[in-house]
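Open your viewer and keep the sequence beside it. We will go from one selection to the next, with a short look at each stop.

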Amino acid sequence: MNFEPTRLEILLTRLAFFFCGKSVYQTFADRLPLEGKERVLDFGSGMGTVAYYVAKRLPDGHLTCLDISKRWLSVCRKTLCKFVNINYLKWESEELSKETFNIVYCHFVLHDISERDLERVVPALAGCLKPGGALVFREPLNEKEKIKVIKSLLEKNKLFPVDSRITDIPIMGNALESIYIKR
Ligand SMILES: C[S@@+](CC[C@H](N)C(=O)[O-])C[C@H]1O[C@@H](n2cnc3c(N)ncnc32)[C@H](O)[C@@H]1O
């Protein structure tokens, strides 16, 4: 399967980031439970739309941007070039180490992954979280069936919901935002 974006997709995402960065991506970044010194994983970082705002909130922490696409990762490096506390991982060419992160977040990523692949992805995300750490996602609300699968896999992997809300996001419509904690 080809996960690489076209030039048009990259251009459209850059425009969305330029015109709606604050109202779409910063609103999510600002709600992450961060104090500034955490180790954070952006799973499916794309061009770094959310990471750009999260990196600013981590003066003494570290952010890992992970994506399945080499081309998105290369655009992401450009978006985040002014930050030093970031590393970049290509999913599947590198393993996620156990109990490494305080926060893992997924912004409009999980609904795009097949049920079969989610059965590998969710345990990997749960495994790389430290005990007491949080997994936060924002996914389109109209993906009801996929959201059911995601919730069930999270709970099977010992992640428990502590907060949930529905938000109306400019351009993207209604989305579900949830926080799960690893006990
Ligand atoms: C809709 S984009 C969202 C990007 C970014 N989170 C944002 O909100 O702008 C989905 C991203 O997830 C990545 N992705 C899809 N499947 C993935 C997987 N199995 N592992 C890692 N990244 C994946 C895609 O390459 C793409 O960059």
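This is a tour of a predicted model, starting at a helix and moving into the core.

**Stop 1: helix 3.** Select residues 70–79, which form helix 3, and pick out its buried residues: W72, L73, V75, C76 and T79. Now look down the helix axis: these buried residues fall within an arc of 165°, so they line one face of the helix. Turn to the other side and you will find K70 and K78, which are exposed.

Next, show what covers the buried residues of helix 3; this includes helix 1 (7–31), helix 2 (49–56), strand 2 (62–67) and strand 3 (86–90). Before leaving, zoom in on the start of the helix, where a side-chain oxygen of S69 comes within 3.3 Å of the backbone nitrogen of R71.

**Stop 2: L63.** Move to strand 2 and select L63. Is this residue buried or exposed? L63 is buried, with a relative accessible area of 0%. Leaving aside neighbours within four places in sequence, its contacts include V40, V54, I86, N87 and Y105. Try a distance to N87: the two residues are 24 apart in sequence, yet their C-alpha atoms are 6.6 Å apart.

**Stop 3: the cores.** L63 is also among the residues with the most contacts inside the largest nonpolar core, which has 36 residues; V40, C65 and L80 are others on that list. Colour helix 1 here, since it gives the most to this core, with seven residues. Finally, apart from this core, look for another of 30 residues, among them L96, V109, L110 and L118.

Notes. Residues numbered from 1 in each chain as written. Predicted model: local features only at pLDDT ≥ 70, side-chain atom pairs only at ≥ 80, totals over all residues. Heavy atoms only, no water. Buried < 20%, exposed > 50% of the residue type's maximum accessible area, 1.4 Å probe, protein only. Helix = DSSP H or I, 4+ residues; strand = E, 2+ residues; numbered from the N terminus. Arc of directions from axis to C-beta. Contact = heavy atoms within 4.5 Å. Polar contact = N/O pair within 3.5 Å; in protein donor to acceptor, adjacent residues only side chain to side chain. Core = buried A, V, L, I, M, F, W, Y, C linked by side-chain atoms within 4.5 Å.
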